[in-house]
Amino acid sequence: MTDAIWDALKGLAKPSLTELFDGDSQRLDKLSTRFELGEEETLGEIRFDWSKTHLDDAHIAAFEELAGAMDFAGRRAALFAGEIVNPTEGRAAEHTAQRGVGKEESVQLALDYHHKTAAIVEAILRGAMGEVKHLIHVGIGGSALGPALAVDALAEEGSLVDVHVVSNIDGVALERALRACDPQTTMLAIASKTFTTIETMTNAESVMNWFRENEVADPYGRVVALTASPEKAVEWGVDETRILPFSESVGGRYSLWSSIGFPVAMALGWPDFAEFLAGAAAMDEHFRDTDGADNLPLRAAFADQYYTRLRGCQTRAVFAYDQRLALLPDYLQQLEMESNGKSVKADGTPVEGPTAPITWGGVGTDAQHAVFQLLHQGTNLVPVDFIACIAPGDDLAEDHHRILLSNCFAQGAALMAGKASEDAARAYPGDRPSATILLDDLTPATFGALVAFHEHRTFANAVLMGINPFDQFGVELGKAIAKQIEKGGTTFDPSTEALLQAAGIA
């Protein structure tokens, strides 16, 4: 049945963006939506504008039919009900329960864990553990990318605690953090679901050695563990009163909402972290309760499928016209490419056609002077997402923010309109797609909704392709070979052997 739907989609006309606007006076109303996070005005709103993509009524209708054939409603219901949606590992995916939306007992467990996290955060900020000015947070993957993004986005000014997120096993990364901290006023957060991740545990041991070398009294008393394996943390030496657990059903790249968000709460304070959860919950409820193209993450997934499957686009670009969101493309790379970078469906059969595009991006206006040449005049068709905020994040002259937003909106207009010229080098073909996500302000609530939107967009894409977005076996093979190298006694290909010998590892 889905083959017939895809055949129908491939056979639909593909008018230009200009033709789509000229032929439908209601196009903007259909594809641009103001999403209000709640009745409380303080939570704010976000505008999602997909009108400058090639989605039209015919494509949307066909994609809605595809969603029905792929049992999108059933898969979504299973997600929120806490059923097994990760069949290869036999697990649920209960990140929404961390925000208060999901199976009742899972929501209650998450709430209990949040109460413990809030109590420890508030105790530390009150000085119960002595003076704490710095927090070194060691983790990797979702245990680091999420906290780093959130701290950078929300705690640029006036952080209650100076947070340094370290993920790389390269000692340079950790040394930079250590140089910025006073060992006598520093705490260590170890974020590892299994509490065995080699990069994280190696970095943690080095921080402990730094404590000892600087004669910190009771180094283990300066440690908080964020893990789904509390018994392993106890074995490592962390006092159980400072272990903040989270559920096994919360995946790493979806874990920011759990105790993995501890460094965010330390930087902002618990009330702001609670607002962050509330913003995500508003998006959860919208995604759960809204059908068809009115469902914002599903609408975005329709556009994603259009460009990967029907137009052969191998990449998708994300440009944040806000310095505070500079790490968002990095975060989305893991979220989207680790979730949907698969070649088989959840049932083990091959996926017909391309899956996740390569996600990349940068910060405007810097990116305009680096990569936009290719976007405007290159041979690759690249759908672009622009993300910006109406309210500025600075207190400088208003010229800064006005010029920033003007450039953001101008790029979308220029990609669509293009410009003819008798000089081929100065001609812009136009008809190049973009979407815009415009926040009224970057607050914990709007930021939470923004991140949750992308989580659900990723899930919706997975459903439309029949993929399981919650496993990531592709990251394991290289790690297994690295362990073989550490143990020694294994022979590899000639190139790898020569590299090992050159580095003095063999």
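In the predicted model, strand β3 (residues 134-138) runs parallel to β5, and the two strands are joined over five bridges. Within this pairing, His-137 has Ala-189 of β5 as its bridge partner. On the other flank of the description stands strand β6 (residues 223-227), which pairs with β5 over four bridges, also in the parallel sense, and here Ile-190 is placed opposite Ala-225 of β6. The connection from β5 to β6 involves helix α9 (residues 198-213), and the three elements together make a right-handed β-α-β unit.

These pairings belong to an open sheet of five strands, arranged in the order β4-β3-β5-β6-β7 with parallel pairing. The edges are occupied by β4 (162-166) and β7 (243-245), each of which has a single partner strand, so that one side of each is left without a neighbour in the sheet. From one strand to the next, the twist averages 20°. The pairing of β6 with β7 is parallel and extends over three bridges, with Ala-225 opposite Ile-243 in β7. Helix α8 (residues 171-179) packs on this sheet through contacts with β3 and β4, and its direction makes about 170° with that of β4. Helix α9 likewise packs on the sheet, where it touches β3, β4, β5 and β6, and its direction makes about 165° with that of β5.

The environment of β5 itself was then examined. Strand β5 (residues 186-191) is mostly covered, with six of its six residues buried. In a regular strand the side chains alternate between the two faces of the sheet. In β5 both faces are covered, since Thr-186, Leu-188 and Ile-190 are buried on one side, while Met-187, Ala-189 and Ala-191 are buried on the other. The residues already named as bridge partners, Ala-189 for His-137 and Ile-190 for Ala-225, thus lie on opposite sides of the strand.

A further open sheet contains six strands in the order β1-β2-β11-β10-β8-β9, and its pairing is mixed. At its edges stand β1 (32-36) and β9 (358-363), each with a single partner strand, so one side of each has no neighbour in the sheet. Neighbouring strands are turned against each other by 15° on average, when direction is ignored. One of the pairings in this sheet joins strand β2 (residues 45-49) to strand β11 (residues 434-439) in the antiparallel sense over four bridges, and in it Asp-49 stands opposite Thr-436 of β11.

Helix α17 (residues 444-465) lies across β2, β8 (315-321), β10 (384-389) and β11, and runs at about 35° to β2. This helix has 22 residues and reaches 32 Å from its first C-alpha to its last, close to the 32 Å expected at 1.5 Å a residue. Helix α17 is mostly covered, as 22 of its 22 residues are buried. Just after the end of α17, Gly-466 adopts a positive phi of about 80°.

Helix α14 (residues 328-340) has 13 residues and spans 18 Å between its first and last C-alpha, close to the 18 Å expected at 1.5 Å a residue. Its buried residues include Leu-328, Pro-329, Tyr-331, Leu-332 and Gln-334, together with Leu-335, Glu-336, Ser-339 and Asn-340. The buried residues of α14 pack against helix α7 (142-154), strands β8, β9 and β10, and helix α17.

Individual residues were considered last. His-59, which lies in helix α4 (residues 57-69), counts as buried because its relative accessibility is 0%. When residues up to four places away in sequence are not counted, His-59 touches Leu-9, Leu-12, Ala-13, His-54, Tyr-306 and Leu-310. Among the cysteines, Cys-181 counts as buried because its relative accessibility is 9%, and Cys-389 is likewise buried, with a relative accessible area of 0%. For a disulfide, the two sulfur atoms would have to lie within 2.5 Å. The closest cysteine sulfur to that of Cys-389 is in Cys-408, and the separation of 10.0 Å is too far for a bond. By this criterion, the count of disulfides in the model comes to zero.

Note on methods
Residues numbered from 1 in each chain as written. Predicted model: local features only at pLDDT ≥ 70, side-chain atom pairs only at ≥ 80, totals over all residues. Heavy atoms only, no water. Buried < 20%, exposed > 50% of the residue type's maximum accessible area, 1.4 Å probe, protein only. Pairing = 2+ DSSP bridges. Right-handed = clockwise from strand over helix to strand, strands pointing away. Axes fitted to C-alpha atoms, helices over the stretch in contact; angles between N-to-C directions. Contact = heavy atoms within 4.5 Å. Expected span 1.5 Å × (residues − 1).
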